[in-house]
Amino acid sequence: MAYHQHPLDVTTLPTWKALESHRASLQNFSMREAFSMDAQRFDRLSLSSCGLFLDYSKNLITLETRDLLVSLAKECGLEQAIRAQFDGEPINASEARPALHTALRRPIGDKVLVNGVDVMPEVQRVLHQMTELVGRVHDGLWRGYSEKPITDVVNIGIGGSFLGPQLVSEALLPFAQRGVRCHYLANIDGSSFHELAAKLRAETTLFIVSSKSFSTLETLKNAQAARRWYLAQGGSEGELYRHFIAVSSNTQAAVDFGIHVENVFPMWDWVGGRYSLWSAIGLPIAMSIGMSNFKELLSGAYSMDQHFLNAPFESNMPVLLALLGIWYGNFWGAQSQAILPYDHYLRNITKHLQQLDMESNGKRVRQDGQAVACTTGPVIWGGVGCNGQHAYHQLLHQGTQLIPADFIVPVVSYNPVADHHQWLYANCLSQSQALMLGKTREEAERELRTQGLSEAEVQRLAPHKVIPGNRPSNTLVLERISPRRLGALVAMYEHKVFAQSAIWGINAFDQWGVELGKELGKSVYSRLLGSEESPAEDASTQGLIEFFRGRHRG
């Protein structure tokens with residue numbers, strides 16, 4: 001059956017109109033009042049699944065809001081869209097491809113057909129190939145040109161070949177195997193390579209070049225720099241294969257680089273870069289935490305896949321988060337979403353979710369090519385708590401914009417120091433509480449009076465101390481960060497993004513906006529070198545090119 005994304009303009013649907021009316025009726029809704037009037041609000045608006053606990057009670061919603069949002073999802077055909085994704089239908093319409101990252105975490109024995117061919121045996125073959133390689137490195141059997149075992153693995157990639165693996169290997173550092181350290185090289189800035197190379201010895205370093213085409217500019221330039229460095233450090237061309245492996249669909253280019261064909265791991269066009277950490281792109285993760293933990297990561301993601309596929313929308317974590325995002329973006333005018341992990345190891349989750357969400361849903365036309373009639377993906381930003389509390393949380397509390405936030409926190413720390421973790425957890429909860437409660441004028445005045453200030457001073461200072469509150473947030477709690485729970489958490493956000501795209505009718509799996517800058521970059525580069533004499537297309541770019549060339553001539 002061919003996949004048909006609903007060609008409808010979602011804003012014309014009856015439920016959308018009902019939501020607009022409902023939103024108007026909530027103009028004076030107060031979360032403070034909602035909690036005081038309903039002792040069961042927390043129980044009704046929270047759920048647990050796949051090792052994650054979601055509290056979404058601190059939102060500008062009633063049970064009627066949830067029912068209406070769920071109706072919208074059903075009216076848009078979200079159930080059929082989810083089914084189509086898991087069945088391998090070409091839901092990436094502009095490239096006529098399926099989006100089958102979910103197949104990478106399915107158990108042995110499952111069948112997934114792409115153009116009539118079951119892809120699961122190939123998925124299992126690559127997992128086996130990864131297991132062999134990781135085992136050889138960890139057992140000291142893979143040796144460098146001087147016969148010493150590998151101590152450092154460097155992943156050379158960018159975008160999805162970098163952000164996801166970096167997030168997971170850092171988040172799971174407590175599970176890292178002894179003897180192998182993981183590093184990441186993404187930026188084409190020479191300083192990045194210089195700083196990393198200073199920490200390494202060529203004879204004990206293994207480079208993983210991750211590029212589907214083996215021609216991504218930044219990755220190829222860094223791979224060439226790594227190769228020159230390896231040779232300058234005493235390595236030989238003949239032993240190069242001991243220090244470089246590749247994850248690519250361009251096997252020939254990797255072999256021409258000097259990589260043995262059995263050390264080229266495949267990439268498939270039915271897995272997008274930002275969804276690829278579950279594939280051989282996850283090799284650096286497996287190198288860090290070992291293959292059994294990597295399989296636990298896949299297992300956690302699979303459990304979230306099953307939850308997304310089977311749970312009713314009213315109690316479906318990714319769907320509820322998607323609907324809340326639509327509620328704020330399309331009905332409350334929110335333009336961004338803060339991701340606030342209260343865990344040092346999760347400090348890079350915001351970067352991964354930025355790419356996942358903004359590259360997927362930063363789209364202005366629907367699957368049928370017509371312009372969307374509503375705003376789509378939000379700006380994703382944030383960072384690790386408690387640091388943000390002393391920086392940008394001020395804008396969340398007293399700024400003029402409505403910015404929904406996701407707080408993510410584990411109950412147990414791997415590295416308890418005195419009472420630090422209790423304070424960390426307390427800070428996470430108190431921030432979401434403060435966003436919701438705020439501080440009224442009366443409370444501010446009372447507080448100032450108890451400090452013994454004159455009435456004139458009380459009236460002068462009170463307006464500055466008022467915090468409006470009623471600011472929405474979700475809290476995601478994990479018992480502790482483990483491979484299984486982290487797999488579920490990342491998969492949950494993947495599904496949230498897809499659910500939103502299906503409701504808006506856009507394609508979450510292409511990224512044509514990324515391509516234009518790449519194309520223009522080549523013509524700017526040739527003008528910088530002087531190999532292209534004609535001026536740039538605009539005076540600003542031409543002026544900046546001449547500024548660069550003038551300084552380099554000088």
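Angles from 65 to 115 degrees count as roughly perpendicular, those under 35 as roughly parallel, those over 145 as roughly antiparallel, and the rest as oblique. Keep that handy for the exercises below, and keep in mind that this is a predicted model.

**Exercise 1. Work out how helices α20 and α21 lie relative to each other.**

Step 1: Find the helices. α20 covers residues 512-529 and α21 covers residues 539-553.

Step 2: Get the geometry. Two packed helices are described by the angle between their axes and the distance between the axes. For α20 and α21 the angle is about 40 degrees, and the axes are 9 Å apart.

Step 3: Apply the classes. An angle of about 40 degrees falls into "the rest", so α20 and α21 are oblique to each other. As for handedness, α20 passes α21 in a right-handed crossing.

Step 4: See who touches whom. From α20 come Val524, Arg527 and Leu528, and they meet Thr541, Gln542, Ile545, Phe548 and Arg549 of α21. Sorted by class, this contact has four nonpolar, two polar and two charged residues.

**Exercise 2. Do the same for helices α14 and α19.**

Step 1: α14 spans residues 349-361, and α19 spans residues 483-504.

Step 2: Their axes come within 10 Å and cross at roughly 20 degrees.

Step 3: Angles under 35 degrees count as roughly parallel, and α14 and α19 are therefore roughly parallel to each other. Here, too, the crossing is described as right-handed.

Step 4: On the α14 side the contact includes Ile349, His352 and Leu353. On the α19 side, Tyr493, Val497 and Trp504 are among the residues taking part. The class tally for this contact is eight nonpolar, five polar and three charged.

**Exercise 3. Lay out the five-stranded sheet and say which strands stand at its edges.**

Step 1: Write down the order. The sheet is open, its pairing is parallel, and the strands go β6-β5-β7-β8-β9.

Step 2: Look at the ends of that order. β6 (181-185) and β9 (264-265) are the edge strands; each has a single partner strand, so one side of each is left without a neighbour in the sheet.

Step 3: Walk through some of the pairings. β5 and β7 are joined by five bridges, with Asn155 opposite Ile208 of β7. Four bridges link β7 and β8, where Ser210 stands opposite Val247 of β8. Two bridges then join β8 (residues 244-247) to β9, and Val247 has Phe265 in β9 as its bridge partner.

Step 4: Add the helices. α9 (residues 217-232) packs on the sheet and touches β5, β6, β7 and β8, at about 160 degrees to β7. α8 (residues 190-197) lies across β5 and β6, running at about 165 degrees to β6.

**Exercise 4. Decide how covered strand β7 is, and which way its side chains point.**

Step 1: Count. Six of the six residues of β7 are buried.

Step 2: Recall the pattern. In a regular strand the side chains alternate between the two faces of the sheet.

Step 3: Check it here. Thr205, Phe207 and Val209 point one way, Leu206, Ile208 and Ser210 the other way, and all are buried.

**Exercise 5. Is Gln129 buried or exposed, and what does it touch?**

Step 1: Place the residue. Gln129 sits in helix α6, residues 120-138.

Step 2: Use the cut-off. Buried means under 20% relative accessible area; Gln129 has 16%, so Gln129 is buried.

Step 3: Find the contacts. Setting aside neighbours within four places in sequence, Gln129 is in contact with Glu262, Val264, Phe265 and Pro266.

Definitions and conventions
Residues numbered from 1 in each chain as written. Predicted model: local features only at pLDDT ≥ 70, side-chain atom pairs only at ≥ 80, totals over all residues. Heavy atoms only, no water. Axes fitted to C-alpha atoms, helices over the stretch in contact; angles between N-to-C directions. Left-handed = near helix turned anticlockwise from the far one by under 90°. Contact = heavy atoms within 4.5 Å. Nonpolar A, V, L, I, M, F, W, Y, C, P; charged D, E, K, R; others polar. Pairing = 2+ DSSP bridges. Buried < 20%, exposed > 50% of the residue type's maximum accessible area, 1.4 Å probe, protein only.
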